[in-house]
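Hi,

Here is the structure I promised to pass on. Have a look through it first, then read my notes below.

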Amino acid sequence: MHYEGNIIRPPSEARSIILQATVGCSHNRCTFCPTYTGVRFRIKDEATLSTDIRYAAHAFPGARRLFITDGDALVIPFKRLFKLFEEINEQLPRLTRIGIYASAKALRRRSLEELKLLKEQKLGIIYYGLESGDDETLKAMDKGTTSGEESIALCNKVKEAGIRLSTTVMIGIAGRERSLIHARETGKVLSAIDPNYVGALVTMIAPGTRLEEAERQGKFTLPDQLGLLLELKEMITWTNLSRGMFMANHASNYLPIKIHSPAQKEAALKMIDEAINGAVPLREEWMRGL
Ligand code: SF4
């Protein structure tokens, strides 16, 4: 396989074939994101992708899942993207699900009809970086949308196409002063979207990012450990899913939580309270990671 630069994928795609269809991210401006710093976005040429797909078909003929990278590969112009899906399915007929990352820009470009056509080509899950439902916070992080309402509309389009939706949100990204507002607004937007999965990550300030620069200049301060727990509690309190999963068990979290919502919501809130009171141990700093 021809891989270039940083290859990232969701934890749930650990056993999938990873096909790198683009290099970098077409947005590449989020203040906290170090993944593609200095990388010029491009779509990989068809010959390279065909070689990789044929290689994957030869090496993993029984594969059930495939994940397309990089950062927002759904942005690829539709004709080219559809052709790529056709080729993948032709070479790997036993696949049951294809997954992909999407930014707001990518979802804006995809019509409902296009998403339905991709669904027929086994696009089974889209991973969307919501990060926050708070407009001020979205603007500050240069997320590519400044509106929680827009994210609701974009995500509803995915759900209407019958594609599963996984959203990430960030704990701490609004800084100390806006922490609880961000938590509440994000909970409200998550409730309106009602995704299949929510993954909550704790913000880690990566070297070389604009967020690090803001911190150095005193314009951004990450909440402390207690503040992060209170923010997580507020977010879960305001998040009402019909039957999704809320996961705050990524390595960046101090308190790993994985719950079915709404059934286990009260238990999660109780556990956070116990952690705040010191009755439940937190993940040590050296055990945390991006
Ligand atoms: S859209 Fe995703 S990959 Fe692109 S800069 Fe933002 S966080 Fe990074």
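Below is what turned up on the sheet and on one pocket.

This is a predicted model, where local features need pLDDT of at least 70, side-chain atom pairs count only at pLDDT 80 or more, and totals for chains, interfaces and linings use all residues. Residues are numbered from 1 along each chain as its sequence is written, and side-chain values use heavy atoms, with hydrogens and water left out.

Let's start with the sheet. It is open, with eight strands in the order 1-4-5-6-7-8-9-10 and mixed pairing. (Strands are DSSP runs of E, at least two residues, and helices are runs of H or I, at least four, numbered from the N terminus; two strands pair if DSSP finds at least two bridges between them.) Strand 1 (17-20) and strand 10 (257-260) each have a single partner strand, so one side of each has no neighbour in the sheet. Strands 5 (97-102) and 6 (123-131) pair in the parallel sense over five bridges, and Gly-99 stands opposite Ile-125 in strand 6.

Now for the second largest pocket (an open set of points on a 1 Å grid over the protein atoms alone, with protein on both sides within 12 Å along at least five of seven lines; lining residues have an atom within 4 Å of a point). Its lining has 17 residues, and Lys-219 and Phe-220 are among those nearest the centre. Helix 5 (135-140) and helix 8 (210-216) each supply at least two lining residues, with helix 5 giving the largest share, three.

Cheers

Methods. On a 1 Å grid over the protein atoms alone, a cavity is a set of points where a 1.4 Å probe fits but cannot get out, and a pocket is an open set with protein on both sides within 12 Å along at least five of seven lines; lining residues have an atom within 4 Å of a point.
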